[in-house]
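I opened my notebook to look a few things up, one topic at a time. Here is what I wrote down as I went.

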Amino acid sequence: MRNLFAVLIIAVAAVLAFAASTEPIPWAYAIPPAPPAGAAAPAPDTSVKHLPGTSLEFTRAQISDRFGPADWFPGDHPSMPDVVAHGKKPNVFACGLCHYPNGKGRQENAGVSGLPVSYFIQTMDDFRSGARKSAEPRKNNTNLMIQFAKNMTDDEIKAAAEYFGSMKWTPWIKVIETNSVPKTHNANGMFLVEGNEKEPLGKRILETPENAEATEILRDPHSGFFAYVPPGSIKRGEALVTKGAGKTTQCGLCHGADLKGLGPVPGIAGRSPSYLVRQMYDMQQGARNGTWTQLMKPVVANLSDEDMLDIAAYTASRMP
C-alpha cells in the first residue's frame with residue numbers, strides 16, 4: 001500500500017511538472033491584467049501632441065485612429081498602400097497602426113519590415129486558414145491578425161507584403177545583460193517603466209520602450225526598445241544558435257550565417273526577443289503550423305523555456 005501511494009505521488013508530481021512546463025511564458029506573452037470591476041474610463045485627451053524632428057501634430061485620437069493613424073515621418077518610407085495606411089472598415093485595421101508605417105512594430109506585436117515577400121504572404125495565409133494561432137488564447141494581437149487575414153484580399157496582402165519587404169530591418173532593440181531592472185507595469189501588453197524603483201530580473205527578458213510616453217502615447221516610430229537579459233544568457237544563446245549544443249539545429253543553416261535571412265526564410269538578427277520566444281513556444285506547442293513551421297518543429301522540440309530565453313537574448317543582440 002505504501003509503495004502504491006508513493007507511485008501515485010510521483011505520478012501526480014509528473015503531471016503537475018508537465019502542466020507547469022506547458023504554461024505559456026508570462027513575460028513573452030505579456031497578457032495584461034483585467035481592469036478592476038467598475039473602473040471608470042479616463043477622460044479623453046484632446047491636447048495636440050508633437051514630436052522632435054517633425055512639424056506635424058496630432059491629437060491622441062488621431063494617433064490611435066484604427067483606420068488612419070498618425071504618420072509622423074512620411075519621408076521615412078515609400079508611399080503606403082491603402083490597406084497599410086487606412087485598413088478596410090470595419091474588420092481590418094490599418095497595418096501602420098500596430099506595426100508603424102516603417103514596419104518596426106512593438107514588443108506586443110511584430111516587426112515586419114524586411115521580411116521576405118513570400119514569407120509574409122505565407123504567414124497571412126496561415127492566419128487565414130487557421131494554421132497559425134497562439135498557444136495563449138488571450139493573446140489578442142494574434143486573434144486580431146486572424147480576423148484581418150480573413151478579411152483581406154490576396155491583392156491587399158501582396159501589397160502590404162511588398163511594401164514592408166521593401167524596407168530593410170535596422171537596429172531597434174538595445175540588449176543589456178543585468179541582474180536588476182526598472183520596475184514596470186503591464187499596459188496593454190507592453191511593460192512600461194514606472195518611477196525609479198528596481199527589482200530582480202530573474203529568469204526572464206524584460207523588453208520595454210526606451211521612452212514609455214513616446215511609444216505608448218505618441219507611437220513614435222523613431223523610439224526603440226531596451227531588452228534586459230540575464231547575465232550569461234547571450235553566451236549560452238550563442239552556443240545554441242551557432243552549434244546546437246546537443247539540443248537543437250544551428251539557426252544559420254536556414255536563417256543565414258549572419259541570421260539576416262536566406263531566400264524566403266526571414267532574418268532573426270536584432271528582432272524582438274519577446275516575439276521570437278512566442279513563436280518558438282507556439283511552434284513547440286503545436287499552435288503555429290504551416291509550410292515553414294514543419295521545418296522548425298524538430299528544431300524547437302527539445303528546447304526548455306530557458307533555452308528559448310538564451311536564444312532570443314543572443315539573436316536580439318546581433319546586428320541586423
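Before I start on packing, a note to self: two residues are in contact when they have heavy atoms within 4.5 Å of each other. I also remind myself that this is a predicted model.

**Entry 1: helix H10**

I looked up helix H10, which covers residues 233–243. Which of its residues are buried? I found Ser 233, Ile 234, Gly 237, Leu 240 and Val 241. Looking down the axis of H10, I see these buried residues within an arc of 125 degrees, so they line one face of the helix. On the other side of H10 I noted Lys 235 and Lys 243, which are exposed.

What do the buried residues of H10 pack against? I listed two strands, S3 (173–177) and S7 (225–229), and two helices, H11 (252–255) and H14 (305–317). Just after H10 I came to Gly 244, which has a positive phi of about 90 degrees.

**Entry 2: Arg 132**

Next I went to Arg 132, which I found in the loop between helix H6 (117–129) and helix H7 (140–151). Side chains of opposite charge can pair when their charged atoms come close. How far from Arg 132 is the nearest side chain of opposite charge? That is Asp 282, and it is 6.0 Å away. My cut-off for a salt bridge is 4 Å, and Arg 132 has no salt bridge although it is buried.

Its side chain does have a polar contact of 2.9 Å with the side chain of Gln 279. I also wrote down what Arg 132 touches beyond four places away in sequence: among them are Tyr 119, Phe 127, Ile 146, Tyr 275 and Asn 289.

**Entry 3: salt bridges**

Then I counted salt bridges. How many are there? The count comes to 12.

I took Asp 45 and Lys 49 as one of my examples, with their closest N and O atoms 2.8 Å apart. Asp 45 is partly exposed at 30% relative accessibility, while Lys 49 is buried at 14%.

Arg 204 and Glu 199 also form a salt bridge, at 3.0 Å from N to O. Here Arg 204 is buried, with a relative accessible area of 18%, and Glu 199 is partly exposed at 23%. I then noticed that Arg 106, Glu 108 and Glu 216 are joined into one network by salt bridges that share partners. Within it, the side chains of Glu 108 and Arg 106 meet at 3.0 Å, N to O, and both residues are buried.

**Entry 4: cysteines**

How many disulfides does the structure hold? I got zero. Cys 95 is in no disulfide, and the nearest cysteine sulfur, that of Cys 98, is 9.0 Å away. A disulfide needs two cysteine sulfur atoms within 2.5 Å, so this pair does not qualify. I checked Cys 251 as well: the nearest cysteine sulfur belongs to Cys 254 and is 8.9 Å away, and Cys 251 is in no disulfide. Cys 95 is buried at 14% relative accessible area, and Cys 251 is buried at 12%.

**Entry 5: Pro 320**

Last, I looked up Pro 320, in the segment after H14. Is Pro 320 buried or exposed? I noted it as buried, with a relative accessible area of 15%. Leaving aside neighbours within four places in sequence, its contacts are Trp 169, Thr 170, Pro 171, Lys 260, Ala 269 and Gly 270.

Technical notes
Residues are numbered from 1 along each chain as its sequence is written. This is a predicted model: local features need pLDDT of at least 70, side-chain atom pairs count only at pLDDT 80 or more; totals for chains, interfaces and linings use all residues. Side-chain values use heavy atoms; hydrogens and water are left out. Buried means under 20% relative accessible area, exposed over 50%, partly exposed in between (1.4 Å probe, protein chains only). Helices (H or I, at least four residues) and strands (E, at least two) are DSSP runs, numbered from the N terminus. The arc is that of the directions from the helix axis to the C-beta atoms. Lys and Arg count as positive and Asp and Glu as negative; His and the chain ends are not counted. A polar contact is a pair of N or O atoms within 3.5 Å; within protein, one must be able to donate a hydrogen and the other to accept it, and residues adjacent in sequence count only if both atoms are side-chain atoms.
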